[in-house]
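Me: Please take a close look at one part of this model for me. I would like the nonpolar core and what packs around it.

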Amino acid sequence: MQRSTRMQRELSILTNEPPPGILCWMVDDQIDKLQAEILGSKETPYGGGSFRLEIQIPERYPFYPPKVRFVTKIYHPNIDGNGVSVSIHFRCLQKGAWKPAWNISTVLTSIQLLMAEPNPEDPLVAEISEEFKYNRPQFLQKAKEWTQKYATFHKVMAASGKVSSTGANKESDDSSDSDDESSDEENAENKPSVHPTQGVKESGISTPP
């Protein structure tokens, strides 16, 4: 009962006042299963990317931490890929460190900060950590390449809080163009273009030194 009440309140805040660059929603109206999108911060190698996460809410939440995993691959010393899923080494999600006063918004904002400011002293992937510390240009290049390869397929739709693939959008646009070609030509000059991520705020976190 406490979990349900708490999550309804948290989801209301996340829906109406989401943190900059973050969206979160229920999956199939299940209070214990969420998905989230984090936009990569500008001036970091993850800028321009949209990273999806899955969040599992335990029965005893908020006394037990949520389980969070990246679905989108990311080149990061504190996040390790395993097939299509990605685990994250984040101390606040460990049972002994978790505090009931924290919430899903706190977790997502902290992960967003960790993306922008990796912690190479507490790595999950030692090789990437060494690269981050001793060959920063190479790390940045690889992180950018992974972002372009894995994190630009999905675009955050700010108005609906949902994610659609660019491929699906293109297919839909092509169909619409075919059906309403003459109408589009008449109004093309009067209609401003709209970017899929319009209205979503970007985090101002800067690149780590």
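**The core and its surroundings**

Reply: In this predicted model, isoleucine 55 has valine 68 of β4 as its bridge partner. That bridge belongs to an antiparallel pairing of β3 and β4, which runs over four bridges. β4 has two unlike faces: Val68 and Phe70 lie on the covered one, Lys67 and Arg69 on the uncovered one. In a regular strand, side chains alternate between the two faces of the sheet.

Ile55 matters for the core count too. The largest nonpolar core has 31 residues, and Ile55 and Ile104 touch the most other members. Two or more residues come from each of α1 (2-16), β1 (22-27), β2 (30-39), β3 (50-56), β4 (67-70), α2 (104-116), α3 (126-134) and α4 (136-150). The top contributor is α2, with five residues. In soluble globular proteins, nonpolar side chains tend to be buried together.

Now take Ile104. Neighbours within four places in sequence are set aside here. Isoleucine 104 is then in contact with Met7, Glu10, Leu14, Cys24, Leu34, Ile55, Ile57, Tyr61 and Pro66. So the two residues that touch the most other core members are also in contact with each other.

Tyr61 leads on to the aromatic rings. The whole structure holds seven aromatic pairs. In one of them, the rings of tyrosine 61 and tryptophan 98 have centres 6.2 Å apart and planes at 40 degrees, so the pair is tilted. This pair links distant parts of the chain. Tyrosine 61 sits in the loop between β3 and β4. Tryptophan 98 sits in the loop between β6 (85-88) and α2. The two are 37 residues apart. Both tyrosine 61 and tryptophan 98 are buried.

Tryptophan 98 has a second ring partner. Its ring centre is 5.7 Å from that of tryptophan 102, and the planes are at 80 degrees, so this pair is edge-to-face. The burial of the two tryptophans is not alike. Tryptophan 98 has a relative accessible area of 7%, so it counts as buried. Tryptophan 102 has 25%, so it counts as partly exposed. The cut-off for buried is under 20%.

α4 is another contributor to the core. This helix has 15 residues. From first C-alpha to last it reaches 21 Å, close to the 21 Å expected at 1.5 Å a residue. Its buried residues are Phe139, Ala143 and Thr147. Seen down the helix axis, they fall within an arc of 70 degrees, so they line one face of α4. They pack against β3 and α3. On the other side of α4, Pro137, Gln148 and Lys149 are exposed.

Phe139 also has an aromatic role. Ring pairs join it with Tyr75, Phe132, Trp146 and Tyr150 in a cluster.

Finally, the wider setting. The chain has six helices and eight strands. From the N terminus, their order is α-β-β-β-β-β-β-α-α-α-β-β-α-α. Of the 209 residues in the chain, 38% are buried. Among contacts with a separation of 6 or more, 58% are between residues 24 or more positions apart.

How values were computed: Residues numbered from 1 in each chain as written. Heavy atoms only, no water. Core = buried A, V, L, I, M, F, W, Y, C linked by side-chain atoms within 4.5 Å. Buried < 20%, exposed > 50% of the residue type's maximum accessible area, 1.4 Å probe, protein only. Contact = heavy atoms within 4.5 Å. Expected span 1.5 Å × (residues − 1). Arc of directions from axis to C-beta. Pairing = 2+ DSSP bridges. Phe/Tyr/Trp six-rings, centres within 6.5 Å; stacked < 30°, edge-to-face > 60°.
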